Amino acid sequence: MNEPIITFENVTKSYHLYHNVIGGVKNFLFDIPKAISSIKNSRFEALHNISFEVYRGETIGVMGRNGAGKSTILGLIAGVLKPSKGRVSVNGRISPLLELGAGFNSELTGRENIILNGVLLGLTRAEVINKMHDIIEFSELAEFIDQPIRVYSSGMVARLGFSVAIHTNPDILLVDEILAVGDVEFQKKCYKKMLDFKKKGVTIVLVSHSPDDIEKFCDRAIVVVKGEIGDIRRIASKPYFTNPESAFIRGMVN
Ligand SMILES: Nc1ncnc2c1ncn2[C@@H]1O[C@H](COP(=O)(O)OP(=O)(O)OP(=O)(O)O)[C@@H](O)[C@H]1O
Ligand SMILES: [Mg+2]
């Protein structure tokens with residue numbers, strides 16, 4: 001457990017802000033060089049100089065208020081975002097971060113999105129088709145799987161994303177708030193699955209707004225406050241580790 005699998009070294013991430021253009025189309029047309037330089041200068045720093053490590057086999061919770069920078073951290077780990085400054089190193093195969101706009105195409109059906117993402121992850125079409133049944137079964141979306149995912153609810157998209165992610169054999173499982181949008185039954189299934197992964201030594205990064213879930217499930221928690229690490233807490237009580245028969249586990253697994 002002592003080998004870091006994810007390392008953030010002095011990572012800053014800033015995003016371009018586009019509202020200047022939208023707010024000032026006239027100015028943009030009259031003075032294009034100035035407009036371009038204003039776009040370049042108009043950046044928002046979502047993460048400021050953060051450093052932390054996640055160790056192999058660890059389950060780490062990421063907490064913080066809306067807009068604090070949690071999903072940005074996950075995007076950097078997944079490699080879908082690049083740091084503006086500093087370095088992110090990841091030493092293993094990462095599950096994809098699939099949501100609308102990030103990996104999922106809203107015009108394609110659920111099934112087509114599964115194939116698209118499987119292939120993008122380096123599987124052959126035949127390999128994806130082999131896993132298709134399990135992915136659809138876990139997601140419980142058989143009825144909707146041939147509909148474009150723009151008709152899915154946000155919970156349904158999250159289900160599909162989680163289901164694809166767990167069938168990609170990751171060393172690092174990234175989970176962004178599935179537990180917030182999935183219904184109670186699905187949450188239980190996700191927990192059970194994450195517990196299996198945890199037992200197999202898969203590293204898990206779990207973004208959640210539920211302190212209870214984080215405390216029960218994670219070894220440590222990072223609290224993100226306005227783009228900075230506010231606190232890293234080691235969680236002392238891990239009932240399922242010390243006592244697998246605990247009420248928590250029975251509640252989740254049964
Ligand atoms: N593509 C983007 N362009 C501009 N700003 C962005 C972009 N993505 C995120 N941000 C900004 O970066 C900050 C952090 O966003 P992030 O999505 O990481 O927050 P979060 O902690 O995941 O919030 P939530 O709990 O609401 O999911 C926010 O202020 C957000 O507006
Ligand atoms: Mg988020």
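Trainee: Which residues of α9 are buried?

Mentor: Good place to start. Keep in mind that this is a predicted model. The buried residues of α9 are F186, C190, Y191, M194, F197 and K198. Around the helix axis they cover an arc of only 140 degrees, so they sit on the same side of α9.

Trainee: How should I read that kind of pattern in general?

Mentor: An α-helix has 3.6 residues a turn, so residues three or four places apart point the same way. In this structure, you can see the other side of the pattern too: the face of α9 turned away from its buried side carries the exposed residues E185, D196 and K199.

Trainee: And where is K193, and why does it count as partly exposed?

Mentor: K193 is found in helix α9. It has 17 C-beta neighbours inside 10 Å, and a residue needs 20 or more to be buried and 12 or fewer to be exposed, so K193 counts as partly exposed. For its surroundings, look at S163: the two residues are 30 apart in sequence, while their C-alpha atoms are 10.0 Å apart in space.

Trainee: What span should α9 have, judged from its number of residues?

Mentor: Use 1.5 Å a residue: the 16 residues of α9, 184–199, should span 22 Å, and the end C-alpha atoms are 23 Å apart, which agrees. Just after the helix, look at the backbone of G201, which takes a positive phi of about 90 degrees.

Trainee: Let's move to the strands. In what order do the five strands of the open sheet run?

Mentor: The order is β7-β8-β3-β9-β10, with mixed pairing. The edge strands are β7 (172–176) and β10 (228–234), each of which pairs on one side only. From one strand to the next, the twist averages 15 degrees.

Trainee: Which strands pair with β3, and in what sense?

Mentor: Strand β8 (residues 203–207) runs parallel to β3 and is joined to it by four bridges. Here T59 has I204 of β8 as its bridge partner. Strand β9 (residues 220–225) also pairs with β3 in the parallel sense, over four bridges, and V62 stands opposite I222 in β9.

Trainee: Where does the antiparallel pairing come in?

Mentor: Between β9 and β10, which pair in that sense over six bridges. One pair to find on screen is V224 with its bridge partner in β10, I229.

Trainee: Are the residues of β3 buried or exposed?

Mentor: First the general idea: in a regular strand the side chains alternate between the two faces of the sheet. Now the case here: five of the five residues of β3 (residues 59–63) are buried. Both faces are covered, with T59, G61 and M63 on one side and I60 and V62 on the other.

Trainee: Last topic, helix packing. At what angle do α6 and α7 cross?

Mentor: The axes of α6 (residues 125–139) and α7 (residues 154–166) come within 9 Å and cross at roughly 140 degrees. An angle over 145 would count as roughly antiparallel, so this one makes α6 oblique to α7. The crossing of these two helices is right-handed.

Trainee: What about α5 and α6?

Mentor: For α5 (residues 110–120) and α6, the axes come within 9 Å and the crossing angle is roughly 130 degrees. That makes α5 oblique to α6, and the crossing of α5 and α6 is right-handed.

Notes
Residues are numbered from 1 along each chain as its sequence is written. Chains are lettered from A and ligands numbered from 1 in the order in which they are written. This is a predicted model: local features need pLDDT of at least 70, side-chain atom pairs count only at pLDDT 80 or more; totals for chains, interfaces and linings use all residues. The expected span of a helix is 1.5 Å times one less than its number of residues. The arc is that of the directions from the helix axis to the C-beta atoms. Two strands pair if DSSP finds at least two bridges between them. Axes are lines fitted to C-alpha atoms, for helices over the stretch in contact, and angles run from 0 to 180 degrees between N-to-C directions. Angles under 35 degrees count as roughly parallel, over 145 as roughly antiparallel, 65 to 115 as roughly perpendicular and the rest as oblique. A crossing is left-handed if the near helix is turned anticlockwise from the far one by less than a right angle, and right-handed if clockwise.
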